Amino acid sequence: HELSGGEQQRVSMARAIVNRPPLLLADEPTGNLDTKSGKAVMDIIERLNKEERITVVLVTHDPAISKYADRVIRMIDGKIEGGSNVS
């Protein structure tokens, strides 16, 4: 109860990756965080993907998070609306 939201989120990620999984599923990892904490969490996720070669499947309602993605798939009204590779 003494940790901030960002600290709690980072602890959750540490628990999720301690056994070096090949896949990380992240559902709204920045949803309850302020901008600074959200960026810190996304920087960690990005590093895990790039340096540790962990595949990340991330779900978010925040369009700004897509800048971290190599591929974006949007769901609109329950239907998948194409996937695009991000360069």
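Colleague: What share of the contacts with a separation of 6 or more in the protein chain joins residues 24 or more positions apart?

Modeller: The share is 48%, where a contact means heavy atoms within 4.5 Å. This is a predicted model, in which local features need pLDDT of at least 70 and side-chain atom pairs count only at pLDDT 80 or more, while totals for chains, interfaces and linings use all residues. Residues are numbered from 1 along each chain as its sequence is written, and side-chain values use heavy atoms, leaving out hydrogens and water.

Colleague: What makes up the secondary structure of the protein chain?

Modeller: There are 2 helices and 4 strands, in the order α-β-α-β-β-β from the N terminus. The elements are DSSP runs numbered from the N terminus: helices are H or I with at least four residues, and strands are E with at least two.

Colleague: How do you know that β1 and β2 pair, and in which sense?

Modeller: Two strands pair if DSSP finds at least two bridges between them. Strand β1 (residues 23-27) and β2 have 5 bridges, in the parallel sense, so the condition is met. Among the partners, L23 is bridged to T55 in β2, and A26 stands opposite L58 in β2.

Colleague: What is the hand of the β-α-β crossover from β1 through α2 to β2?

Modeller: The crossover is right-handed. The term applies if, with the strands pointing away from the viewer, the path from the first strand over the helix to the second runs clockwise.

Colleague: Why is T30 called buried or exposed?

Modeller: Buried means under 20% relative accessible area, exposed over 50%, and partly exposed in between, with a 1.4 Å probe and protein chains only. T30 has a relative accessible area of 11%, so T30 is buried. T30 is in the loop between β1 and α2. Leaving aside residues up to four places away in sequence, T30 touches Q9, G38, V41, M42 and I65.

Colleague: And why does R71 count as buried or exposed?

Modeller: R71, which lies in strand β3, has 53% relative accessibility and therefore counts as exposed.

Colleague: Which side chains along β1 are buried?

Modeller: L24 and A26 point to one face and are buried, while L23, L25 and D27 point to the other and are not. In a regular strand, side chains alternate between the two faces of the sheet. Over the protein chain, 22% of the 87 residues are buried.

Colleague: What makes a space a pocket?

Modeller: On a 1 Å grid over the protein atoms alone, a pocket is an open set of points with protein on both sides within 12 Å along at least five of seven lines; a cavity is a set where a 1.4 Å probe fits but cannot get out. Residues with an atom within 4 Å of a point form the lining. Grid points are joined across faces, edges and corners, and the volume is the space filled by probe spheres set on the points.

Colleague: What lines the largest pocket?

Modeller: The largest pocket, with about 930 Å³ of space, is lined by 25 residues, of which L58, A69, R71, V72 and I73 lie nearest its centre. Strand β3 gives the most, with 6 residues.

Colleague: How do the residues of the lining divide by class?

Modeller: The largest pocket has 15 nonpolar, 5 polar and 5 charged lining residues. Ala, Val, Leu, Ile, Met, Phe, Trp, Tyr, Cys and Pro count as nonpolar, Asp, Glu, Lys and Arg as charged, and the others, Gly among them, as polar. The second largest pocket, of about 180 Å³, has 5 nonpolar, 3 polar and 4 charged, and T30 is one of the residues that line that pocket.
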